[in-house]
Amino acid sequence: MICKIRKWNLSDAADLAASLSNKKVQDNLRDGLPYPYTAQDGVDFISAVLSADTDETFAFAITADERVVGSIGVFRQSNIHRQTAEMGYYIAEGYWGKGIMTEAVKQTCEFVFGNSDIIRIYAEPFAYNTASCRVLEKAGFQYEGTLRSNAVKNGKIIDMKMYSLLKEEL
């Protein structure tokens, strides 16, 4: 299955809401997202992304089957980390295990490295999310270590893993 990344459109809000109104998807994301996630929540998110500084926030809709099936973003850090960016992503449950996210990660890294001065992109998946760790590995990211007791999710203290990709490795 082939996917493409593209800029968000306000008309994507319903697809976004459908993906994020799934507890299994949200259990693998950071806190702060409304549940259930509504189309208005999607409009608010897309509006914020479209008005964000394009040199600081690289946010894309992931499309497959001619619809939005996920989201991916790379966010520039600050101060001494100003040429480093954190990546976050998710995909609708019906598209898990099809190689779409690995392809979206690759496309996004190529875009960010080719259109900015970012030299390092990192991601911190929950250690229990082996599928997300595998996505990063298949996309060429290097495992750097485990961040022990690094987060509290759903009332549990959990580890996270640190992965990175350098511009020179692409």
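**Exercise 1. State the order of helices and strands along the chain, and count each type.**

Solution. Read from the N terminus, the elements of this predicted model follow the order β-α-α-α-β-β-β-α-β-α-β-β. The tally for the chain is five helices and seven strands.

**Exercise 2. Determine whether the radius of gyration of the chain agrees with that of a compact globule.**

Solution. Step one is the expected value: for 170 residues, a compact globule would have a radius of gyration near 15 Å. Step two is the comparison: the chain has 15 Å, so the two agree. Step three adds the extents of the C-alpha trace, which spans about 40 × 35 × 35 Å along its principal axes.

**Exercise 3. Describe the burial, the surface, the charges and the sequence range of the contacts.**

Solution. Begin with burial: 45% of the 170 residues are buried. Next, the accessible surface amounts to about 9000 Å², and carbon and sulfur atoms account for 50% of that area. For the charges, there are 19 positive and 22 negative side chains, with the centres of the two sets 5 Å apart. Finally, take the contacts between residues at least 6 apart in sequence: 62% of them join residues at least 24 apart.

**Exercise 4. Identify the central members of the largest nonpolar core and the elements that supply it.**

Solution. As background, nonpolar side chains tend to be buried together in soluble globular proteins. Here the largest nonpolar core holds 32 residues, and those touching the most other members are I62, M87, V105, I121 and F141. At least two core residues come from each of β2 (57-64), β3 (67-76), β4 (84-91), α4 (100-115), β5 (120-123), α5 (130-138) and β7 (156-166). Helix α4 gives the most, with seven residues. A second core, separate from this one, has 14 residues, including W8, A17, L20 and Y90.

**Exercise 5. List the contacts of M87 and of T108, leaving aside neighbours within four places in sequence, and classify T108 as buried or exposed.**

Solution. Start from M87, whose contacts are I72, G73, V74, V105, T108, C109, I121, Y122, A123 and F141. Then turn to T108, a residue of helix α4. T108 touches I5, F60, I72, V74 and M87. Both lists contain I72 and V74. For the classification, the cut-off for burial is under 20% relative accessible area; T108 has 0% relative accessibility and therefore counts as buried.

**Exercise 6. Establish how M101 and V135 are placed with respect to each other.**

Solution. First locate the two residues: M101 is in helix α4, and V135 is in helix α5. Next, check their accessibility. M101 has 6% relative accessibility and so counts as buried; V135, with a relative accessible area of 11%, is buried as well. Third, compare sequence and space: the pair is 34 residues apart in sequence, while the C-alpha atoms are 6.6 Å apart.

Fourth, examine the contacts beyond four places in sequence. M101 meets I62, Y89, Y90, I91 and V135, and V135 meets Y89, M101, T102 and V105. Each residue of the pair thus appears in the list of the other, and Y89 appears in both lists.

As a reference, consider V135 and K167: these lie 32 residues apart along the chain, and their C-alpha atoms are separated by 18 Å.

How values were computed:
Residues are numbered from 1 along each chain as its sequence is written. This is a predicted model: local features need pLDDT of at least 70, side-chain atom pairs count only at pLDDT 80 or more; totals for chains, interfaces and linings use all residues. Side-chain values use heavy atoms; hydrogens and water are left out. Helices (H or I, at least four residues) and strands (E, at least two) are DSSP runs, numbered from the N terminus. The radius of gyration is taken over C-alpha atoms; the globule rule is 2.2 Å times the number of residues to the power 0.38. Buried means under 20% relative accessible area, exposed over 50%, partly exposed in between (1.4 Å probe, protein chains only). Contact means heavy atoms within 4.5 Å. Accessible areas come from the Shrake-Rupley method with a 1.4 Å probe; for residues, only the protein chains shown count as cover. Lys and Arg count as positive and Asp and Glu as negative; His and the chain ends are not counted. The place of a charge is taken as NZ of Lys, CZ of Arg, CG of Asp or CD of Glu. A nonpolar core is a set of buried Ala, Val, Leu, Ile, Met, Phe, Trp, Tyr and Cys residues joined through side-chain atoms within 4.5 Å.
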